[in-house]
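Me: Could you take a close look at one part of this predicted model with me? I'd like to see how a run of neighbouring strands is put together, and I'm new to this, so keep it relaxed.

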Amino acid sequence: MVHHNEPPDPSAPPQDAAPVAVTTDIPTPQTHLDTVTQTHFRPFRDVDERSLVASTTRFLGNSGFYWGPLDVDEAHARLMSLPIGTFLIRDSMQTDVFFTLSYRSEDGPTSVRVLLKSCGFALDGSKHAFPCLFELLSFYMKSPKRSLKQPYRGSAPQNLQELCRRAVVKTYGKENLNKLPVSTVLKDFLQLYPFSI
């Protein structure tokens, strides 16, 4: 298990306007990291920001391409021999930034900070902002330049349940998952990562 500084539960009652910093554990796939590392994230500005980062972190924890506190050199070493467009998300080493996108470009591995702007996400230097990190990734996967093509989930075989979940989301869409004629347990599993990336 990897120790991260996860944002507080958004269902918790809001605190005063003072910044809040809480440390808890988030499980990260064992195939990615086999050491225990701590990361410091800056305090939150408000409840909406805390809620957005909390939900994003939970989804990332189930994505398979979130590598936690991986430093830039190791991220680039992992991406060096992979196809162009392969990407991963990792914790930023900067205290004022939560996440960094590392990907294999034509010129080699590159890292770009993912900035939190007005309760949305944007790549550093980009004019495009998105209410969801996964919408940001999807945009760059579908853009004409196709900077991003496929996430890097490590060299271990992917779990069949994870593959099926992404296939169901891709087929029916995130917005239709609660309408599927399946058990509550299965719906809950689908909602842990309701994205097809």
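**Strands 4, 5 and 6**

Reply: Let's start with strand 4 (residues 99-105) and strand 5 (residues 108-116): they run antiparallel, and seven bridges hold the pair together. Getting from strand 4 to strand 5 takes just a hairpin of two residues. If you want a spot to click on, try Leu101, whose bridge partner in strand 5 is Val112.

Now follow strand 5 onwards. Strand 5 also pairs with strand 6 (residues 121-123), again in the antiparallel sense, over three bridges. Here Leu115 stands opposite Ala122 of strand 6. The hairpin between strand 5 and strand 6 has four residues in it, and one to look for in that turn is Ser118, with a positive phi of about 45 degrees. While you're tracing along, here's a handy rule: in a regular strand, side chains alternate between the two faces of the sheet.

One word on how far to trust the picture. Mean pLDDT for the chain is 82, with 78% of residues reaching 70 or more. Residues 1-31 are another story, since pLDDT stays under 50 there, although the model still has 68 contacts beyond four places in sequence for that stretch. Residues 33-37 also stay under 50, with 11 such contacts. Where pLDDT is low, the predicted coordinates shouldn't be read in detail.

Technical notes:
Residues are numbered from 1 along each chain as its sequence is written. This is a predicted model: local features need pLDDT of at least 70, side-chain atom pairs count only at pLDDT 80 or more; totals for chains, interfaces and linings use all residues. Side-chain values use heavy atoms; hydrogens and water are left out. pLDDT is the predictor's confidence in each residue, from 0 to 100. Contact means heavy atoms within 4.5 Å. Two strands pair if DSSP finds at least two bridges between them.
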